[in-house]
Amino acid sequence: MRTIIQRVVLTIVSTVFLATFGALGGCLLGHTFALRHAEAQLDHSANRILLQGVTSSAESRAILATMNSSPYDLCSDSEIEYFRELIFQSHSLKAAGRMHDGRVECSTTAGRSVLAEPQYTPTIDRQDGTKIYKNLPAFRVDEQDVISLQEGDSFIVYNPYNLVSLEAPMHFTATAVDAQSREAGQMLGEIPNVQQKVLTHAGKVQAGDTLYATRCSTDGATCITTYISVPDALAVDRGYSMACLALGAVSGALIGLLLPLLYSRNKSAEQQLLRALRADALTVAYQPIVDLATGNIVEAEALVRWTDEYKNSVSPEVFVKIAEERGFVAKITKLVVRHALRDFGATMRARPTFRVNVNIAASDLADSDFLPMIEQALSDAEVSPRNLGIEITESYTARQQVARNTILRLRQKGHYVAIDDFGTGYSSLAYLHDLSVDAIKIDKAFTKAIGTDAVTVSILPQILTMAETLKLRVVVEGIETKAQADYFAASNQRIHAQGWLFGRPVPARLFLQMLDEEEARLTRQKEVEIPNGAIVAAF
């Protein structure tokens, strides 16, 4: 009862804590997303306005060039009418005319000036000789900013209503650079309180509590800056922020609920495994390994299996890892050795060439009790060391000195030693030579690649050549099809094979039955052979 209460309290505390933490994380994520989204929108709007400005500028310069090459007398009725036709055909212009020394001499709206016009000073004097005027009195419309552009003696006036407008709370400003002073001058929009370089250099930046995005023309003479305050940006994208906050809180709460369960499950799995080891409740299955040339069973691999107290089959990759992490994997190794000698002791004594291989863990290599345990188990079962093979996963041999010493002592005692899952990380001639093993077991990943375009297929011949050079036996894992078996059978080497094509892992009783059936079959074959080696039909 106390344990249940502790778990409930742990679940509630972890759920509340992680839900709060998740909500804060979601809020931060939503805040960041909202600002990045606002920056993207600002940049998009600045680019859109700039493109419109570039298009209008190209049109206005073309019209100014046409006006400056007018075939009519300066400010004559014919020229004014000619200018009106040009403006009528334009998409972005409101008026045009002649201007000299800052004075308007005629325009498409007022005709010829009969009174002395005031002299206007350009707002911006560009390097290419064009002049920009802002809000010439004769062309103001309501409270709108009106821009005029002069080139030579001709000028045009932009229609202020053609400009792109931004929905609040976004704002924009158009900035031009003076050719002589290199100072920036504001042409359109509101004037933000920010350093000049923000308005004259392309990019996105946050200054204070305001986000800015600036796009400039290729010559750098005109820049468009859009901006929005951080509070306004968050308010616009409040939906994203709230969604992230809610998602973070829900995710945190779910993790808070699952974490105690996962922790409890892991602890429970460890305790169940220890109980199973004490009760000798783990089982061992045996998979046949055959001589590929004859198809006869020559050895077996012992594979440990565990069904937990909830009747769930647990993968060896899971429970062996738990045992390694908790420091009791040696108990599993000892159990497998004991089962293998118990199940096949009589067979090993009757068949001196038959062998059962057991897998050992990395910690077994450094365990001072490992070799004495093996020696005692063999003595009790009255079995020769050559009948009990040792398979060591390739990655376990990375600590070569420890592995080399243990392998050397195993071989001195007469054990067969193979490198399992070969080709997964440490393969080399020098490496294998240093370890001085009997065989390599080619990992099933290479077998699966046969018949495909995978790069690993091209490595197989090199592995076989390497094994032949070092006079190592080759065992191929994971053979499931005849095509895979034929690939290795075509080799000139003597190869052993393991896989579902030759048999799945089975209990000892069924494996012994397979051996008996094979022996009976071989006996029948011998009985029908005649002295000259021919085979006759048995009736």
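**Entry 1: a pair in helix α14**

I began with helix α14 (residues 482–489) in this predicted model, where Lys482 and Asp486 lie four residues apart and are therefore separated by about one helical turn. I looked up their side chains and found that they meet in a salt bridge, at 3.0 Å from N to O. For exposure I noted that Lys482 counts as exposed, because its relative accessibility is 58% and the exposed class begins over 50%. Asp486, with a relative accessible area of 38%, is partly exposed.

**Entry 2: a pair in helix α1**

I then turned to helix α1, where Glu39 and Arg36 are three residues apart and so are again separated by about one helical turn. Glu39 forms a salt bridge with Arg36, and I recorded 3.0 Å between the closest N and O atoms. The two partners fall into separate exposure classes in my notes: Glu39 counts as buried at 14% relative accessibility, whereas Arg36 counts as partly exposed at 40%.

**Entry 3: a salt bridge between distant parts of the chain**

Next I looked up Glu519 and Arg351, whose side chains meet in a salt bridge at 3.2 Å, N to O. This pair links distant parts of the chain, with Glu519 in helix α15 (residues 508–527) and Arg351 in the loop between α7 (329–350) and β16 (355–360), 168 residues apart. Glu519 counts as partly exposed at 43% relative accessibility, and Arg351 also counts as partly exposed, at 21%. For the whole protein I wrote down a count of 21 salt bridges.

**Entry 4: Asp420 and its surroundings**

I wanted to know which salt-bridge partner, if any, belongs to Asp420, a residue placed in strand β18 (residues 417–422). Asp420 is buried yet has no salt bridge, and the nearest side chain of opposite charge, that of Lys441, is 4.3 Å away. The cut-off matters here: a salt bridge needs the nitrogen within 4 Å of the carboxyl oxygen, so the distance of 4.3 Å to Lys441 does not qualify.

I then listed the contacts of Asp420, leaving aside its neighbours within four places in sequence, and found Glu301, Asn359, Glu391, Ile392, Thr393, Glu394, Lys441 and Glu477. Separately I noted that Glu301, Glu391, Lys441 and Glu477 are linked in a network of salt bridges. Each member of that network also appears among the contacts of Asp420, although Asp420 itself has no salt bridge.

**Entry 5: the largest pocket**

Where does Asp420 stand with respect to the largest pocket? I first took down the volume of that pocket, which is about 1200 Å³. Of the 35 residues that line the largest pocket, the closest to its centre are Glu301, Leu303, Glu317, Asp420 and Asp421. The elements giving two or more residues to the lining are β14 (297–307), α6 (316–326), α7, β16, β18 and α12 (444–449). I marked β18 in that list, since it is the strand that holds Asp420.

**Entry 6: the disulfides**

How many disulfides does the structure hold? I found two, and with bonded cysteines counted along the chain they follow the pattern 1-2, 3-4.

In one of them Cys75 and Cys106 are bonded, with their sulfur atoms 2.1 Å apart. The pair links distant parts of the chain, 31 residues apart, with Cys75 in the loop between α1 (2–68) and α2 (77–89) and Cys106 in strand β2 (residues 103–107). The link of Cys75 and Cys106 is left-handed, with -80° about the S-S bond. I checked burial at both ends, and Cys75 counts as buried at 7% relative accessibility, as does Cys106 at 0%.

The other disulfide is formed by Cys216 and Cys223, whose sulfur atoms are 2.0 Å apart. The torsion about the S-S bond of Cys216 and Cys223 is about 105°, so this disulfide is right-handed. For Cys223 I noted a relative accessible area of 1%, which means that this residue is buried.

**Entry 7: the whole protein**

I closed with the overall figures. The protein has 15 helices and 21 strands, and of its 539 residues 45% count as buried. Among contacts with a separation of 6 or more, residues 24 or more positions apart account for 62%.

Note on methods. Residues are numbered from 1 along each chain as its sequence is written. This is a predicted model: local features need pLDDT of at least 70, side-chain atom pairs count only at pLDDT 80 or more; totals for chains, interfaces and linings use all residues. Side-chain values use heavy atoms; hydrogens and water are left out. A disulfide is a pair of cysteine sulfur atoms within 2.5 Å. Buried means under 20% relative accessible area, exposed over 50%, partly exposed in between (1.4 Å probe, protein chains only). Lys and Arg count as positive and Asp and Glu as negative; His and the chain ends are not counted. Contact means heavy atoms within 4.5 Å. On a 1 Å grid over the protein atoms alone, a cavity is a set of points where a 1.4 Å probe fits but cannot get out, and a pocket is an open set with protein on both sides within 12 Å along at least five of seven lines; lining residues have an atom within 4 Å of a point. Grid points are joined across faces, edges and corners, and a volume is the space filled by probe spheres set on the points.
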